Amino acid sequence: MNKASYNGLELYAPHSKPFGRTYAEWTARWWQWVLSIAKTENPLVDENGKNCANNQSGPVWFLAGTLKGHAERSCAIPADKAILFPVINVEASVAEGDGTTEEALAARAKFEMDQITDMRAMISGTNVNELKQYRIQSPSFNVTLPADNVLGLPAQTTKMMSEGYWLFLKHLEPGNYDLYSFGSCLAGRIKIGFSYHLTIEK
């Protein structure tokens with residue numbers, strides 16, 4: 001499958017290399033972005049979207065998921081940006097005791113993702129089909145955690161790997177768009193999701 005289109009909005013194919021990097025490499029950069037931001041300013045714990053522009057740079061705009069429950073956010077994005085966001089994702093790190101080798105970290109992330117029992121995503125009211133093709137495992141990467149980080153760990157640099165279902169939108173024309181994602185695991189006992197109301201600026 002080379003591309004998918006939803007009401008004219010196109011997704012990068014899972015095996016493509018947007019802006020010279022693989023999907024997997026971009027997911028690692030997403031984690032480095034979101035985990036480098038202090039909890040008080042972090043988009044992961046943002047209830048309305050006020051932090052969505054924090055530390056954004058380069059051709060790809062990262063949208064954060066949420067750590068628990070459902071978040072509804074609004075976000076303004078420049079028109080020339082591609083957009084990467086998780087439907088549902090997990091990470092495993094040395095600092096959290098998930099292992100010390102790439103093999104151990106990869107196995108832990110895979111185990112967590114294998115527990116997902118339900119997931120769905122919508123782009124401007126249209127369901128994204130065949131979500132399973134967008135399951136991506138990252139390479140190993142280092143992430144630097146600030147003192148007040150969302151993982152609740154001491155400030156440090158640690159090795160990490162991740163796995164998840166990701167969607168990567170090509171840049172959008174100016175206008176308003178809605179994104180929605182939901183995922184659950186452990187027979188529905190844990191449910192997370194988000195809604196984004198996007199304004200693509202001229």
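This note goes through the sheets, pockets, disulfide and a few single residues of a predicted model.

1. **The open sheet.** Five strands make up an open sheet, in the order β4-β12-β11-β6-β7. The pairing is mixed. At the edges stand β4 (69-78) and β7 (126-127). Each has a single partner strand, so one side of each is left without a neighbour in the sheet.

2. **The β6-β11 pairing.** Inside that order, β6 (residues 116-123) and β11 (residues 175-185) run antiparallel. They are joined by 7 bridges. For a reference point on the pair, take Ile116, which stands opposite Cys185 in β11.

3. **Strand β5 and its partners.** β5 covers residues 82-93. On one pairing, β5 runs parallel to β3, with 3 bridges between them. Phe62 stands opposite Leu84 of β5. On another, β5 runs antiparallel to β10 (residues 156-169), and here 10 bridges join the two. Ser93 has Met160 of β10 as its bridge partner. How many of the residues of β5 are buried? The count is 12 of the 12, so β5 is largely enclosed by the rest of the structure.

4. **The largest pocket: size and lining.** The volume of the largest pocket is about 600 Å³. Its lining holds 29 residues. Nearest the centre lie Leu67, Asn89, Val90, Glu91 and Ile192. By class, the lining divides into 16 nonpolar, 7 polar and 6 charged residues.

5. **The largest pocket: who supplies it.** Five elements each give at least two lining residues: α1 (23-35), β5, α2 (102-113), β11 and β12 (190-201). Which of them gives the most? β5 does, with 6 residues. The strand that lines this pocket most is thus also one whose residues are buried, 12 of the 12. Two of the contributors, β11 and β12, also belong to the open sheet of point 1.

6. **The second largest pocket.** This one holds about 160 Å³ of space. Its lining consists of Trp26, Arg29, Gln32, Trp33, Asn55, Gln56, Ser57, Gly58, Pro59, Val60 and Phe62. The split is 5 nonpolar, 5 polar and 1 charged. Both α1 and β3 (60-62) supply at least two of these residues. The largest share, 4 residues, comes from α1. Helix α1 is also among the elements that line the largest pocket. Phe62, part of this lining, is the residue opposite Leu84 in β5.

7. **The disulfide.** A search of the whole structure gives 1 disulfide. Cys52 and Cys75 form it, with their sulfur atoms 2.2 Å apart. The pair links distant parts of the chain, 23 residues apart: Cys52 is in the loop between α1 and β3, and Cys75 is in strand β4. Which hand does the disulfide have? The torsion about the S-S bond is about 90 degrees, so the disulfide is right-handed. Both ends are buried: Cys52 has a relative accessible area of 9%, and Cys75 has 4%.

8. **Thr27.** This residue lies in helix α1. Is Thr27 buried or exposed? Its relative accessibility is 0%, so Thr27 counts as buried. Leaving aside neighbours within four places in sequence, Thr27 is in contact with Leu84, Ile136, Ser138, Ser162 and Trp166. Leu84 appears again here, having been met as the residue in β5 opposite Phe62.

9. **Ala13.** The loop between β2 (9-12) and α1 holds Ala13. At 14% relative accessibility, Ala13 is buried. Ala13 and Tyr23 are 10 residues apart along the chain, and their C-alpha atoms are separated by 8.6 Å.

10. **Two positive phi values.** Check these backbone entries. Asn55 has phi near 60 degrees, positive in a residue other than glycine. Asn55 sits in the loop between α1 and β3. Its relative accessible area is 52%, so Asn55 counts as exposed. Asn55 also belongs to the lining of the second largest pocket. Glu130 has phi near 50 degrees, again positive in a residue other than glycine. Glu130 is placed in the loop between β7 and β8 (135-137). With a relative accessible area of 57%, Glu130 is exposed.

Technical notes. Residues numbered from 1 in each chain as written. Predicted model: local features only at pLDDT ≥ 70, side-chain atom pairs only at ≥ 80, totals over all residues. Heavy atoms only, no water. Pairing = 2+ DSSP bridges. 1 Å grid on protein atoms, 1.4 Å probe; cavity = no way out; pocket = protein on both sides within 12 Å on 5 of 7 lines; lining within 4 Å. Points joined across faces, edges and corners; volume = space filled by probe spheres on them. Nonpolar A, V, L, I, M, F, W, Y, C, P; charged D, E, K, R; others polar. Disulfide = S-S within 2.5 Å. Buried < 20%, exposed > 50% of the residue type's maximum accessible area, 1.4 Å probe, protein only. Contact = heavy atoms within 4.5 Å.
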